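Here are some short exercises to work through with the model open beside you. Try each task before you read its solution.

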Amino acid sequence: MSKPLIRTWGAYMRAQSLSTRTINERLGTVTRFESESADIETATHLDVALWLGNLDVSATSRATYHGHLKACFEWLKSVELRTDSPMDKVPKPRRPRSTPRPVDSSAIPKILKACSRKRTRMMVLLATFAGLRVHEIAKVRAEDFDLTTGSLYVDGKGGVRAMIPVHHMISAELVHFPREGYLFPGSDSGHVLSNSVSMLIGRAMKRAGVAGTAHQLRHWYGTTLLESGTDVRVVQELMRHVSIQSTTIYTRVSDTMRRAAIDKLAA
């Protein structure tokens, strides 16, 4: 795909109000496919199947790449640069069932203690006590906080803006940050990249001797809310999931909760 055509597809996706993250991931997949297989405008279903089959990636990533290529081929059809989509003959890879992977509650104080800088500590707090994803943390602005109402406005997936209550530990930490602009400035976009957020949190977890990733702090957020007795519909709202099925991926039902449920049974 030529550079002008890539820019055009990018413009079409922005016109759909897709997130910058989604756009970049799709363009990156197509660029990789063309460098390792065939030109997207002439590729066959065999080219796609062989490329996907030979990738040394997880089943989840393979399914994601399948979706990216399908979106590109469908767009090429819509603008009449192709008459077919090879993806019609390439079955969608099975995506393995996800299971919750929250870090242990005892690890949270250790991770916070291991944060050598205030910005890393705030990143950990936003992931743990607000359930923010790394790309959401990267874009947080001081103006997103309304301390009068104790609220945080988050621009999530699909550009959907939502409000969640601010945890007192996050509010207390805000005194160390500017009152306007991005909390974590950097890069050409004005804020740090999501990869940087993942890296900084990951390093803090490693220093604390805690295995896991930044996203597992979000898993802890959802699971802990559920274990505290929060209704699953409220957990869904706080995690900003469109579907309750998405919430179940992040919320582990503990043995204690299962035992408590059984103990409530009566003859």
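**Exercise 1.** Which residues line the second largest pocket?

Solution. Keep in mind that this is a predicted model.
- Step 1: list the lining. The pocket is lined by T128, F129, A130, I164, P165, H167, W220, Y221, T224, L225 and L238.
- Step 2: assign residues to elements. Helix α6, strand β3 and helix α10 (215-227) each contribute at least two lining residues. The largest share, four residues, belongs to α10.
- Step 3: sort by character. Eight of the lining residues are nonpolar and three are polar, with no charged ones.
- Step 4: add the volume, which is about 170 Å³ for this second largest pocket.

**Exercise 2.** Find out how many residues of α6 are buried, and compare the span of the helix with the expected one.

Solution.
- Step 1: take the length. Helix α6 covers residues 118-129, which makes 12 residues.
- Step 2: work out the span. At 1.5 Å a residue, α6 should span 16 Å, and its end C-alpha atoms do lie 16 Å apart, so the two values agree.
- Step 3: apply the cut-off for buried, which is under 20% relative accessible area. In α6, the residues T120, M122, M123, V124, L125, L126, A127, T128 and F129 are buried.
- Step 4: draw the conclusion. Because nine of the 12 residues are buried, α6 is largely enclosed by the rest of the structure.
- Step 5: look just past the helix. G131 follows α6 and has a positive phi, near 70°.

**Exercise 3.** Work out the strand order of the open three-stranded sheet, and say which strands stand at its edges.

Solution.
- Step 1: read the order. The strands are arranged β1-β2-β3 and pair in antiparallel fashion.
- Step 2: find the edges. β1 (145-146) and β3 (161-165) each have a single partner strand, so one side of each is left without a neighbour in the sheet.
- Step 3: inspect one pairing. Strand β2 (residues 151-155) is joined to β3 by five bridges, and the two run antiparallel. Within this pairing, Y153 has M163 of β3 as its bridge partner.

**Exercise 4.** How many disulfides does the structure hold, and are C72 and C115 buried or exposed?

Solution.
- Step 1: count the disulfides. There are zero.
- Step 2: check C72. Its relative accessibility is 0%, so C72 counts as buried.
- Step 3: check C115. With a relative accessible area of 12%, C115 is buried too.

How values were computed: Residues are numbered from 1 along each chain as its sequence is written. This is a predicted model: local features need pLDDT of at least 70, side-chain atom pairs count only at pLDDT 80 or more; totals for chains, interfaces and linings use all residues. Side-chain values use heavy atoms; hydrogens and water are left out. A disulfide is a pair of cysteine sulfur atoms within 2.5 Å. Buried means under 20% relative accessible area, exposed over 50%, partly exposed in between (1.4 Å probe, protein chains only). Two strands pair if DSSP finds at least two bridges between them. The expected span of a helix is 1.5 Å times one less than its number of residues. On a 1 Å grid over the protein atoms alone, a cavity is a set of points where a 1.4 Å probe fits but cannot get out, and a pocket is an open set with protein on both sides within 12 Å along at least five of seven lines; lining residues have an atom within 4 Å of a point. Grid points are joined across faces, edges and corners, and a volume is the space filled by probe spheres set on the points. Ala, Val, Leu, Ile, Met, Phe, Trp, Tyr, Cys and Pro count as nonpolar, Asp, Glu, Lys and Arg as charged, and the others, Gly among them, as polar.
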